[in-house]
Protein chains: 2
Amino acid sequence: MLALVFDGKVRLRSDYPAPKVARGEALVGVRVAGVCSTDLEVTKGYMGFSGVMGHEFVGQVIEGPSAWKQKRVVAEINCVCGRCDMCRSGLSNHCRDRTVIGIAGRDGVFAEQVAIPAANLHEVPPAVSDEQAVFAEPLAAAYQVTRQVKFQQSDAVVVLGDGRLGQLVARVLRSLVRRLMLVGKHAAKLEMAEKQGIQTAAVEEFVPRADADVVVEATGSPRGLELALRTVRPRGVIVLKSTFATSEGLNLSPAVVAEVTVIGSRCGPLEVALGALASGEVDVSALVSRRYPLARAAEALRAAGEPENVKVLIDVQ
Amino acid sequence: MLALVFDGKVRLRSDYPAPKVARGEALVGVRVAGVCSTDLEVTKGYMGFSGVMGHEFVGQVIEGPSAWKQKRVVAEINCVCGRCDMCRSGLSNHCRDRTVIGIAGRDGVFAEQVAIPAANLHEVPPAVSDEQAVFAEPLAAAYQVTRQVKFQQSDAVVVLGDGRLGQLVARVLRSLVRRLMLVGKHAAKLEMAEKQGIQTAAVEEFVPRADADVVVEATGSPRGLELALRTVRPRGVIVLKSTFATSEGLNLSPAVVAEVTVIGSRCGPLEVALGALASGEVDVSALVSRRYPLARAAEALRAAGEPENVKVLIDVQ
């Protein structure tokens, strides 16, 4: 089958073997996939991944448990053992033996077909289009912030980063807090958020005053945390959403002195994200910048790395 | 007066001007002072401090509000404005305009006398000796951990660092959790903790298994956080106690992936520390490695940087 593979280099392969479907898994035909910053980190060596890239998608079940046949689906990306201490304590997203679709030990979705544990599937409601459903995974990651921080309506919240994830986080927080500010580098991206009623500031004009109750760091840059530390108030909370393949010089002493809480945040509740897409609570329509067919997936990857683009989609079927 | 001063270099000065006592302040004669790792960081440029060094002490009030005259005292090191947003919201330790004794904008205690706001003073109970009372400030910093993390008796807790602060944190946590481990580099220091009934491990034999519920990072080394990240379980908590003058390469992606919470922790409740010293709940007697007269305070500073020493005291009066 056709697939975009990373094996030290990004390669489009037309001869990639079709997925072997294990017990409990479904074979899913990918319809649309999305490119995430984590995919770009994978090409820099993140997680030492090798295989079919990609983890954001909407697809249709081809083979698998009868309840799922022909269903239009999205999926939890963490494939778990169900037996380790994490799984047994209800933290299966942190399974010790997990594989992660297109990120760790398991082929991803930039391909015609993908094998996925049936337990990971979520049916897409009819009201949600493919173009919306492909946002379910990153939108769930945005909702995860609201499961980790108890927001007060009166909180002053700053989201750093106007890219894919920052846009989604700001849309999720918009109705939860009265004082929300999205800080970014790109006028066109900030305008997208403004159109959703979100207050924005260009980073070169933003003056951090150590007075935000919560800062969500979604810049995708190791330098973002330094700005977050200057933006958050003493005893405030920084939510870290960015992951990197590389280390950079960082001094956390300001976090110690100001007794800041830094919370790492990753995957979130797909059912909540699908509900928000179905109800229109979160509008993702303006966020798609470019679309490419699977045969041009390598171009899609490059486009996702260009600062003027937000979400880049790959049309598979 | 005699004082140990840092002005880019560490200097013992015999001609340092006696403190000017402002309104609301007391003039305190220092009896015994303690050397903290933060003092060593100050000599590397931490906080850009210049002035009389030192912030751990026990002294006796010479002049000041009548209620305090002749009282034996220790003191909160953060001297606050009482008017800023932090002070008004009950977070006066994070006062925007604060000075910090011997660390930021205010002369410290490696001197014959020091001026301190009366509001910062705590009387030392008769049951607490000078040699114990000088531990009140760092012991309060150790207790701060228990105000920021809700420990469960069943928690597995690892304290990284067998130095001054790690020793105190382990002594504080000993009665709170059943599974406590102090990890350090120095056999003699680990033995001190063992004598207090604390389980210990040498760092070269310690295998991090990402299974500790809480890790307290008190190594005083920027590398300590990396070990903490490998020691804590997914969704666990790391308490950061170390502050540094310098940055180092650090990748927080593991904290994001494991959704770890990192909490900066600084000064704590002096009254709790004094109570624990008075009751014998925390035994600090074995932690004093060396004592020097004020005239040899520069030697005391050097001794505090030697790995075989735990607490180094400076006898002033």
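Student: How many residues of chain B are in contact with residues of chain A?

Tutor: On each side there are 42: 42 residues of chain B are in contact with 42 of chain A, where contact means heavy atoms within 4.5 Å. A word on the model: it is predicted, so local features need pLDDT of at least 70 and side-chain atom pairs pLDDT 80 or more, while totals for chains, interfaces and linings use all residues. Residues are numbered from 1 along each chain as written, chains are lettered from A and ligands numbered from 1 in the order written, and side-chain values use heavy atoms, without hydrogens and water.

Student: How do you know that the copies meet through the same surface?

Tutor: Of the interface residues of chain B, 100% are also interface residues in chain A, so the two copies meet through the same surface.

Student: What makes the two copies related as by a two-fold rotation axis?

Tutor: Chain B is superposed on chain A by a rotation of 180 degrees with 0.0 Å of shift along the axis, at an RMSD of 0.0 Å. The fit is by least squares on the C-alpha atoms of residues with pLDDT of at least 70 in both copies. The copies are therefore related as by a two-fold rotation axis. The residue of chain B that comes closest to this axis is B:G249, at 2.0 Å (C-alpha).

Student: What is the area buried between chain B and chain A?

Tutor: About 3,200 Å², with 55% of it from carbon and sulfur atoms. Buried area is the accessible area (1.4 Å probe) that two parts lose on being put together, summed over both. In chain B, the residues that lose the most area to chain A are B:V256, B:V257 and B:E259, together 19% of what that side buries.

Student: Which classes make up the side of chain B that touches chain A?

Tutor: That side has 19 nonpolar, 13 polar and 10 charged residues. Here Ala, Val, Leu, Ile, Met, Phe, Trp, Tyr, Cys and Pro count as nonpolar, Asp, Glu, Lys and Arg as charged, and the others, Gly among them, as polar.

Student: Why is the pair A:R106 and A:E25 called a salt bridge?

Tutor: The term asks for a side-chain nitrogen of Lys or Arg within 4 Å of a carboxyl oxygen of Asp or Glu. The side chains of A:R106 and A:E25 meet at 3.0 Å, N to O, so the pair fits that definition. A:R106 lies in the loop between β8 (99-100) and β9 (113-117) of chain A and A:E25 in strand β3 (residues 25-34), so the pair ties together parts 81 residues apart in sequence. Strands (E, at least two residues) and helices (H or I, at least four) are DSSP runs, numbered from the N terminus. Over all chains there are 32 salt bridges, but the count between chain B and chain A is zero.

Student: Into which domains is chain A divided?

Tutor: Domain 1 covers 3-135 + 284-315 and domain 2 covers 141-264, with bounds from an automatic or database domain assignment. Their C-alpha centres lie 26 Å apart. The contact takes 19 residues from domain 1 of chain A and 11 from domain 2 of chain A. Between them the two domains bury about 1,200 Å², 59% of it on carbon and sulfur atoms.
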